[in-house]
Amino acid sequence: MDVLKALEHLETVSLKTEGEQDRAVKLKAIKVVDEQLALPVLRNSTEFHKVLSFAVHALLRMLQDSDMNVWSLSEQALVKVTKVLNKSYHEWIVYEVWKGMKGIKLEGRSRRFAIELFSLQAHRIQPAKAEQFRTSLLKTLVNICSEHADQLLQEALSKFIEPILQYQLCSAPLSEMAMLLDELTSNISSPHGRVRRSAAQCLNLLVRHHRQHSELVRATMERMYHLTLMSANRTKQQKDQAAANAQPAGQPPAPVTLFSPDNLVSAATLASTYVLQGVLHCFRQLLRVTQEFVPREKYSIADPMLPYLVTVSDLAMECLKHDDNNVIVAALELLQEIVKAYWVQLGYLSPLEPRADELLSRSEAMLFGSRKVSVSVQVLLASVSCQLALHFPAPLTAHIHPPINGFLAPSTPPHPLPS
């Protein structure tokens, strides 16, 4: 079997492997492509670039095969082909991988691996072509982010998007990035945890590598605030509508009042649990990335998260009253990050002692009260309290000693010894 017949077979064969004979034919064709594609005799032909494009597409297609032996061998062949021929035929490889990333005749595992291969080639795209290419790249990324149902695709994008952002989008105008930011913000409210975490990771990497770091942080925070308010107002309208329907006929409906950005913290009680989990996780990621970004600046700049620190802290405190354990865990992780790295800065913006006393009171009620909380919540509560004790040891002692003494005290007097 020569390479052209092998490629033609791989391009037309069914992606559902049935029986040992079908598997053997596919594996033989992939091995022929792997061995013969890099031969000097074939590379010296004038039509080799067409054969290479055909081969990359055929191997990407075979990644969708149902048999693990077939798609794993195709993956190995693709890695070898791109590594050996990348220097001389870089543009042809990137073009085919780019079509796979856009989802042209490919889906599933093939598209995810195309994203990985494109990220490995992102640094080799010439700057003169990158400016013209940027609009199409942003449109493709927006289309990928809009496919909310494909959780594995969103996870693959968050894993391999960093080189793309670092080399291709680091200087893109914020006006062009607006659609990508909106789509990632929409994914923050997804009911799937994997999609929410992937969106937060993409936003984190975008903030880290973009040259307009502070402006991008502000744009992201405004979108997170707007997302929380929209979710709370939607729930409030539903409740007001249900109350209006329950009123007797002829009675005028009560005026509808919606939450505004000034009462964002109050809106947290009505926001969706998925929105709160995603927003709190995104806040935590932004605090981490700004913490590592600001000290490496040559000149001293203001931390872009400082204007939002009080509101973020109050929102996390309010979420501790939530019924959902996942929301409480996200809020405690955010508070842990604030107490660990931003507690001193928070003291310049708001009094710390009342805030510390309130946090310890809620921790005491959750640890020693009648409400049952999960082990992960208990561990986070203990961690936050210990971090807080580094700044305020006296309040922690006042809150912890009475419950511990009551817990250790015997509930019933000891029985007398028998005579």
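About 30 Å³ of space lies in the largest cavity, and this is where the tour begins. The model is a predicted one, in which local features need pLDDT of at least 70 and side-chain atom pairs count only at pLDDT 80 or more, while totals for chains, interfaces and linings use all residues. Residues are numbered from 1 along each chain as its sequence is written, and side-chain values use heavy atoms, with hydrogens and water left out.

**Stop 1: the cavity**

Select Ser313, Met317, Leu335, Ile338, Val339, Trp343, Arg355 and Leu359, which line the largest cavity. A search of the whole structure finds 1 cavity of 30 Å³ or more. Here a cavity is a set of points, on a 1 Å grid over the protein atoms alone, where a 1.4 Å probe fits but cannot get out, and lining residues have an atom within 4 Å of a point. The volume is the space filled by probe spheres set on the points, with grid points joined across faces, edges and corners.

Now colour helix 16 (309-319), helix 17 (325-341) and helix 19 (352-368), the elements that give two or more residues to this lining. Helices are DSSP runs (H or I, at least four residues), numbered from the N terminus. Helix 17 supplies the largest share of the lining, 3 residues. By class, the lining has 6 nonpolar, 1 polar and 1 charged residues, where Ala, Val, Leu, Ile, Met, Phe, Trp, Tyr, Cys and Pro count as nonpolar, Asp, Glu, Lys and Arg as charged, and the others, Gly among them, as polar.

**Stop 2: two cysteines**

Move next to Cys145 and show its sulfur, which is 5.8 Å from the closest cysteine sulfur, in Cys202, and therefore too far for a bond. A disulfide is a pair of cysteine sulfur atoms within 2.5 Å, and a search of the whole structure finds 0 disulfides. Cys145 counts as buried at 1% relative accessibility, and Cys202 is also buried, with a relative accessible area of 2%. Buried means under 20% relative accessible area, exposed over 50%, and partly exposed in between (1.4 Å probe, protein chains only).

**Stop 3: salt bridges**

A salt bridge is a side-chain nitrogen of Lys or Arg within 4 Å of a carboxyl oxygen of Asp or Glu, and a search of the whole structure finds 16 of them.

Select Lys80 and Asp34, whose side chains meet in a salt bridge (3.6 Å, N to O). Lys80 lies in helix 5 (residues 68-85) and Asp34 in helix 2 (residues 19-36), so the pair ties together parts that are 46 residues apart in sequence. Lys80 counts as partly exposed at 39% relative accessibility, whereas Asp34 is buried at 19%.

Turn then to Glu147 and Arg111, which form a salt bridge with their closest N and O atoms 2.7 Å apart. This pair links distant parts of the chain, 36 residues apart, with Glu147 in the loop between helix 8 (127-145) and helix 9 (151-160) and Arg111 in helix 7 (residues 109-121). Glu147 is partly exposed, with a relative accessible area of 29%, but Arg111 is buried, with one of 8%.

Continue to Arg194 and Glu155, a salt bridge in which the closest N and O atoms are 3.7 Å apart. Arg194 is in helix 12 (residues 193-209) and Glu155 in helix 9, and the pair links distant parts of the chain, 39 residues apart. Arg194 counts as partly exposed at 31% relative accessibility, and Glu155 counts as partly exposed at 27%.

Finish by selecting Glu20, Arg23 and Asp67, which are joined into one network by salt bridges that share partners.

Key
1 Å grid on protein atoms, 1.4 Å probe; cavity = no way out; pocket = protein on both sides within 12 Å on 5 of 7 lines; lining within 4 Å.
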